[in-house]
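User: Hi, I've just opened this one and I'm new to it. Could you walk me through it?

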Amino acid sequence: MKREILIYNQALLAAKAAADLILEKALIKNNTSSKLNIAVSGGSTPKQLFQLLSDEDYRNQIPWHSVRFFWVDERCVEPTHPESNFGMTYDALLQFAFVPSANIFRMKGEDIPENEAERYAALLRKEVPFRNGFPVFDIILLGMGDDGHTASIFPDNLALLRSHKAVDIATHPINGQKRITLTGNTLNNAEHIVFLITGSNKANVLTSIMQNSPEAQQYPAAHIGTNLSNTYFYLDKEAAKFL
Ligand code: 6PG
């Protein structure tokens with residue numbers, strides 16, 4: 001399996017690399033009359049990618065009817081809440097792109113977390129291929145927090161990396177916000193894992209992970225991108241400044 005680390009002068013160019021990969025995989029799927037199942041993260045980094053995908057260049061090239069959107073994680077808030085990952089994706093991309101509503105599978109942050117985690121896991125069993133007991137997404141788009149978290153798997157709950165569930169519940173370690181998240185076994189089951197990581201505040205943790213240092217084991221992101229998946233790290237030079 002491929003492991004690719006690409007460093008760009010600007011965050012926008014790193015986002016463009018991710019956009020090009022999504023375009024490439026979507027066209028391949030479309031040409032074989034199949035669908036691209038992509039699970040996307042929230043946060044500020046993907047927002048730049050989504051805005052890029054909504055620009056004419058990409059918007060008019062991507063066969064949106066062949067792209068099915070799932071979420072890596074969601075905050076337990078209404079979809080209209082400013083912290084909603086779905087809300088961010090809708091504002092930056094989905095309101096502009098021609099993604100059929102039948103291709104949008106949002107996590108319902110407004111519902112009881114335990115119920116939604118079960119509902120979403122059942123939805124994945126119905127909508128996404130499975131391998132080794134976990135869903136196989138074509139692309140999983142991940143970011144990384146400056147504490148090394150990814151998805152909503154935080155350093156104080158590494159057990160989510162090995163959960164027997166495909167979807168589980170998490171709690172933000174600082175503000176206590178409940179989250180729904182794909183688990184480590186689901187993330188590592190993907191065909192293509194794309195880490196989009198930018199900003200100097202990520203540099204120390206990212207370097208520790210890239211150098212496979214002993215302290216990196218405390219960071220959830222260090223445990224994602226094993227030998228089952230093609231893993232791409234699209235970085236800007238700020239995040240990669242110590243590499
Ligand atoms: C979330 C995201 C999360 C994100 C990191 C990085 O719901 O917050 O899924 O895992 O990828 O927090 O966020 P930034 O891109 O804003 O740095």
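Analyst: Sure, we can go through the sheets, the helix packing and the pockets. This is a predicted model, where local features need pLDDT of at least 70 and side-chain atom pairs count only at pLDDT 80 or more, while totals for chains, interfaces and linings use all residues. Residues are numbered from 1 along each chain as its sequence is written, and side-chain values use heavy atoms, with hydrogens and water left out.

User: Okay, sheets. What's the strand order in the open sheet of seven strands?

Analyst: The order is β1-β12-β11-β8-β2-β3-β5, and the pairing is parallel. Strands here are DSSP E runs of at least two residues, helices are H or I runs of at least four, and both are numbered from the N terminus. Two strands pair if DSSP finds at least two bridges between them.

User: And which strands stand at the edges there?

Analyst: β1 (3–8) and β5 (104–105) do. Each has a single partner strand, so one side of each is left without a neighbour in the sheet.

User: How many bridges join β11 and β12?

Analyst: Six, between β11 (residues 192–197) and β12 (residues 230–236), in the parallel sense. As an example, L196 stands opposite Y234 in β12.

User: Which strands does α2 touch on that sheet?

Analyst: α2 packs on β2 (36–40), β8 (139–142) and β11, where contact means heavy atoms within 4.5 Å. The direction of α2 makes about 125 degrees with that of β8. Axes are lines fitted to C-alpha atoms, for helices over the stretch in contact, and angles run from 0 to 180 degrees between N-to-C directions.

User: What about α2 and α4, how do they pack?

Analyst: α2 and α4 (residues 85–94) pack at an angle of about 30 degrees, with their axes 8 Å apart. That makes α2 roughly parallel to α4; angles under 35 degrees count as roughly parallel, over 145 as roughly antiparallel, 65 to 115 as roughly perpendicular and the rest as oblique.

User: Which residues meet there?

Analyst: From α2 you get P46, K47, F50, Q51, L53 and S54, and they meet M88, T89, A92 and L93 in α4. By class, that contact has six nonpolar, three polar and one charged residues. Ala, Val, Leu, Ile, Met, Phe, Trp, Tyr, Cys and Pro count as nonpolar, Asp, Glu, Lys and Arg as charged, and the others, Gly among them, as polar.

User: Back to sheets. What's the order in the one with three strands?

Analyst: That open sheet runs β4-β10-β9, with antiparallel pairing. β9 and β10 (residues 178–182) pair over five bridges, and T171 has K178 in β10 as its bridge partner. α5 lies across β9 and β10, at about 150 degrees to β9.

User: Pockets now. What's the volume of the largest?

Analyst: About 320 Å³. A pocket is an open set of points on a 1 Å grid over the protein atoms alone where a 1.4 Å probe fits, with protein on both sides within 12 Å along at least five of seven lines, and lining residues have an atom within 4 Å of a point. Grid points are joined across faces, edges and corners, and the volume is the space filled by probe spheres set on the points.

User: Which lining residues are closest to its centre?

Analyst: G42, G43, M144, G145 and H149, out of 20 that line the largest pocket. α2 gives the largest share of that lining, three residues.

User: And the second largest pocket, which element gives the most to its lining?

Analyst: α5, with five residues. The second largest pocket has a volume of about 210 Å³, and its lining divides into six nonpolar, two polar and five charged residues.
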